[in-house]
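Student: Please take a close look at the part of this model where the ligand sits, and say how far the prediction can be relied on.

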Amino acid sequence: MKHSNKNTKFKHNIAIIPGDGIGPEVISASLKVIKKALKIENVYIKEKQYPWGSNYFKKYNQMMPKNGLDKLKQHDAIFFGAVGDKNIDDDITLWGLRLEICQNLDQFANIRPSKYIEGIDTPLNINIAKNIDWIIVRENSEGEYAGSGGIIHKNLPLEVGSELAIFTREGCRRIHEYAFKLALSRPRKNLTLITKSNAQRHGMKLWDKIFYEVKEKYPTVKVNKLLVDAATAVMVNSPEKLDVVVATNLHADILSDLASALTGSLGIGATANISTNKNFPSMFEPIHGSAFDIVGKNIANPIGAIWSGVLMLKHLGEHKAADRIYNAIKIYAKNKGPFTPDLGGKAKTEDVVNKLLSILD
Ligand code: ATP
C-alpha cells in the first residue's frame, strides 16, 4: 500500500496504540529509533495514533470505539504498547482491546523470539545462557484463551465457573503449519511440540495428533515432544535443546515470560501477532504489561518495544532498517548499555534511546 501527501512519500501506514501504563513511554521511545533507522533508508511511515485503552474506557465505557476494527483494517501494521489498569478488571481491559484485536483480525500466530544478547546479565550461568536462541510460536486464537465458558448460580453457594479450552482441527493445523515453516527456515530446523496430553486427554490429544499429521509434509524438520512442565526445566538447564517451540495459548504465555527472564528481563521480550489474511494487519508489541510499579518514572526498558519494532519492519519488508536496529541493540548491550534498572543499571528510558540513536548515526 503506498500513501503520499504533497511533499513526502509514505511507504507504510501504521496504527499506533500506546495503550496503558508504560505503553505510551516505550512506544514513543521506540518510534524515535524506528523512524531514524527508516530515514537512513529513505523510507517514511505514516502513523495514526489511537488513544484507546483504560483512560478511553473511563470516559466512554469501552476500550475502543465500535468502528475501531474497521479503522485498524486501513493500516499496514499495528504497533501496540500495553493494556491494563489498577482500577479496572484485567479481563475487561484485555478482552476489550488486545484480544478484541487479535481475535477479530485473526492474528492466530503469536511469535516470540528469545535470544541471548552478549552484555546483558542473565540469571543463568553465561555458558548455558549463550545457547538461548529460540522462537516460541504461540497459538493465539483459541485453546485455553478461547473465551468459552461462563458463570452459573452467580453469588450463590453453588456458584460454578467453567473455562473451556477449545482445540479445533483447523486452529491446530494452521499454527503447526506456521511453526514447521518457521523451523524449516532456520539453520537447525528443529521444532519442539509443547503439550500436556498426558493429563488433558481430549483437546491436547488433538493438538498432538495434528502436529504429527503436519509433520509428514516436513520430513527435514527434526521434531521433539515435551510436556510443558518438563519444558521449563529444559529451558533453564539445556537451552541448546530448543530452537522453534510451538505451544498453546496458555502454555506459550507462561513459557515466554520465563524465556524473557532467562535472557535478562521481561522488559526486553518482543512479540508479533501475525494474521495471514491479506486484508488484516498484524500487530507488534512488547511482551510486558502495564508495569504499574514504574509508570511515569522514565525507567521503563524500551528494548522489548524496539525489538517488536524490528519484527514489524521485517514484516513490512524493511529488512535493512530492521537489521540496523537489531545490530544497534547488540552493540549497545555489548558496551554495557547504559541499562535501565531492570537490567541492573541506572539509566532512564531516554538514555537508552539516545544511545541507540547515536549508534545508528
Ligand atoms: P500482564 O499480565 O499484562 O502481562 P504483568 O502484571 O504480568 O502484566 P508487567 O506489567 O509486565 O506484568 O510487569 C511485571 C514486572 O516486570 C514489574 O515489576 C515491572 O516493573 C517489570 N517490567 C515489565 N516491563 C518492564 C519494562 N519494559 N522495563 C522495566 N521493567 C519492566
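Tutor: Residues 1–6 have pLDDT (the predictor's confidence in each residue, from 0 to 100) under 50, and the model gives them 15 contacts, meaning heavy atoms within 4.5 Å, beyond four places in sequence. The protein chain as a whole averages a pLDDT of 94, with 98% of the residues scoring at least 70. This is a predicted model, in which local features need pLDDT of at least 70 and side-chain atom pairs count only at 80 or more, while totals for chains, interfaces and linings use all residues. Residues are numbered from 1 along each chain as its sequence is written, and side-chain values use heavy atoms, with hydrogens and water left out.

Turning to the ligand, the residues around it, each with a heavy atom within 4 Å of it, are I22, L266, G267, H288, G289, S290, A291, D293, I294, A300, N301 and D342. By class, this shell holds five nonpolar, five polar (Gly among them) and two charged residues. Among the polar contacts, which are pairs of N or O atoms within 3.5 Å, a ligand oxygen lies 2.7 Å from a polar backbone atom of A291, and a ligand oxygen lies 3.4 Å from a polar backbone atom of S290. The side chain of D293 offers an N or O atom at 2.8 Å from an oxygen of the ligand. Taken alone, the ligand exposes 620 Å² (Shrake-Rupley method, 1.4 Å probe), of which the protein buries 61%.

How values were computed: A polar contact is a pair of N or O atoms within 3.5 Å; within protein, one must be able to donate a hydrogen and the other to accept it, and residues adjacent in sequence count only if both atoms are side-chain atoms.
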